[in-house]
Amino acid sequence: MLYPRESETREVRSLDGIWNFVRSDQANPTQGVRDEWYAKELSKSRPTIPMPVPASYNDITTDNLRDHVGTVWYDRKFFVPRSWSKDQRIWLRFGSVHYEAYVWINGQKVVKHEMGHLPFEAEVTDFLNYGAENRITVMCDNALIQTTVPQGRITEVPNDGGMTIVQSYTFDFFNYAGIHRSVHLYTTPRTFIEEVEVTTNLSKDATVGEVFYSVSVNGSAANEADNVLHIQANLYDKEGILVANATSDQKLGGKLQVNPVKPWWPYLMHSEPGYLYQLEIKLLATNDELLDVYRLKVGIRTLSWNSQQFLINGKPVYFRGFGRHEDSDIRGKGLDNALMVRDFNLLKWIGANAYRTSHYPYSEESMQFADEHGIMIIDECPSVDTENFSQELLGKHKSSLEQLIHRDRNHPSVVMWSIANEPRTGSVSADSYFELVANFTRSLDKTRPITAAIAVPNTQDKAGRSLDIISFNRYNAWYSNAGRLDMITQNVIDEAIAWNKRYNKPIIMSEYGADTLEGLHMQPAYVWSEEFQTEVFSRHFKAFDELRKKGWFIGEFVWNFADFKTAQTYTRVGGNKKGVFTRARQPKAAAHLLRKRYFALGRDLDQCSFPDDLFTYIADLIS
Ligand code: GCB
């Protein structure tokens, strides 16, 4: 699915802003559908409150909307210009609604979509009033059950006043809900470019680059025998200079060659990381009439892997990064450009070259940003704590990967697919389940390796054989042997070796860390203090350096980039505090240590230079 972009043949309009909002009665979640609230303005059925889009709705009000379970409703009005009635199509596109969405335009149902964190769209050409006012209504359901991705449970339990509905889930982040990303209306010509798939290659000496593109076209002209559509593809460098072009003869795909090429490199692996070309795809009719134009950024790079290494452009990669969350005060999981740019500034400040989109796909805007800044992404689907493996769950799990790969396959920053976080891979049914999920993923994209972040002991795991790279999560000195800093280094070494021995594949430690309350200081280190987090990191670094010598240990990912909100439990003080940064995106003490390590690794492995302020002057004697 293509990101909505303007061009000489396309217009894009945002529907972001303040919408009207109604919550359904928890005990009666389908009432709005039965009573057809979508048939007229919501305010005619129920009192509405203002609700920002994009944002999670949970933390906006001062009442208990935070813990609402079930359906909520949004609506707003918008104008469609008269000029849009001309010979073209109009599309309505949501960047994401969590978890399930039903959408009506002027009272007519146009689309239903299940799965948070992923875009969906519908053609609304025939539903709109042109040169007039229109109404969009959205019903969003946040209920998670055993066959949703991720899974949860809805139970009815007694409370002080009678019975109430409770949502529970085992995953460790708040089930924020609502219209999380932007809503767009956009136009395309009647016959238009529907999909573009790009893959790239480099010559052995990395001087010549190849861009393979394949286009799918939708529209009546595509089916007319006498109208042989073709593609003109132009590739421009960063300065806007045309460096390659091709006209495909009666085909909707082809190859561009760039010589000399500037490959896409990760941050700190090269002096010019994140180099992007612009690919211009022009759809032409037989008579060379221009039907549609779509432009996208392309990074030219290769990925390869074997039983020991993961390589980019032929060079072994050592990942130094984070598990993260899309999470912030007030807006929850709502897209926020200020937060996104701040986060990338912090990632670069700290010298990270990668993150995992734990535990669901992140915004398309952040994927584009990662391309531009050379941050490698392990792209995770929304399957967390996967258990009770059923056919229905399998179908939805596969669908989440299909949607994810279609959305993200053209991003050079995406270097790996993660098919689950901490699935219960000790159970017998996990074996065939993950084989099916991994094979399905491979059938959609063979150019990237597959991983999953596993937490069961390696002796019990049944998924690793289906993966290309093994990632494991472990909390030494926290969930096991709490406070025992002397029980980290050897345990990490032993466990990584055991994983490698069992599967003979590259190994990543995809989570480690300790909850840390900003401002709590204790010497000697004590759990929850800043000193403790710093020590926990340092003991892990020691293990990682031992493991790096073995050749198959390829990365370290701290849990977590920033503090984030979770469900309420007695183990969480205002949320999960394992952030290296606070929820307000300020560094804790351990951030300064991590920064020194990540830059030291960058200098050692990739010859990057140190930032001037990496070390604080102490005395002439020490440098
Ligand atoms: C994990 C999970 C992550 C949690 C983390 C923790 O293993 O993958 O979602 O937040 O542990 O802090 O407990």
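How many salt bridges does the structure hold? In this predicted model, the count comes to 51 salt bridges, and a few of them are worth a closer look.

Take Arg-320 and Asp-606: their closest N and O atoms sit 3.7 Å apart in a salt bridge. This pair links distant parts of the chain, with Arg-320 in strand S25 (residues 319–323) and Asp-606 in helix H8 (residues 589–606), 286 residues apart. Both Arg-320 and Asp-606 are buried. Arg-442 and Asp-468 also meet through their side chains, at 3.3 Å from N to O. Here Arg-442 belongs to helix H5 (residues 428–444) and Asp-468 to the loop between strands S29 (450–454) and S30 (470–473), so the salt bridge ties together parts 26 residues apart in sequence. Arg-442 is partly exposed at 24% relative accessibility, while Asp-468, at 16%, counts as buried. Elsewhere, shared partners join Asp-545, Arg-548, Glu-556, Arg-597 and Asp-604 into one salt-bridge network.

Then there is the ligand. It is surrounded by 13 residues, the closest being Asp-172, His-359, Glu-422, Tyr-479 and Lys-578. By type, the shell splits into four nonpolar, four polar and five charged residues. Polar side-chain atoms of Asn-576 and Asn-421 lie 2.8 Å and 2.9 Å, respectively, from an oxygen atom of the ligand, and one of Trp-559 lies 3.1 Å from a ligand oxygen. Of the 310 Å² that the ligand exposes when taken alone, the protein buries 92%.

As for annotation, an unreviewed UniProt entry assigns residues 12–189 to the domain "Glycosyl hydrolases family 2 sugar binding". That span is 47% strand and 2% helix, and its end C-alpha atoms lie 13 Å apart.

Notes: Residues numbered from 1 in each chain as written. Predicted model: local features only at pLDDT ≥ 70, side-chain atom pairs only at ≥ 80, totals over all residues. Heavy atoms only, no water. UniProt positions renumbered as here; feature names shortened; annotations may be inferred. Helix = DSSP H or I, 4+ residues; strand = E, 2+ residues; numbered from the N terminus. Near = heavy atom within 4 Å. Polar contact = N/O pair within 3.5 Å; in protein donor to acceptor, adjacent residues only side chain to side chain. Areas by Shrake-Rupley, 256 points an atom, 1.4 Å probe, with all protein chains shown as cover. Nonpolar A, V, L, I, M, F, W, Y, C, P; charged D, E, K, R; others polar. Salt bridge = Lys/Arg side-chain N within 4 Å of Asp/Glu carboxyl O. Buried < 20%, exposed > 50% of the residue type's maximum accessible area, 1.4 Å probe, protein only.
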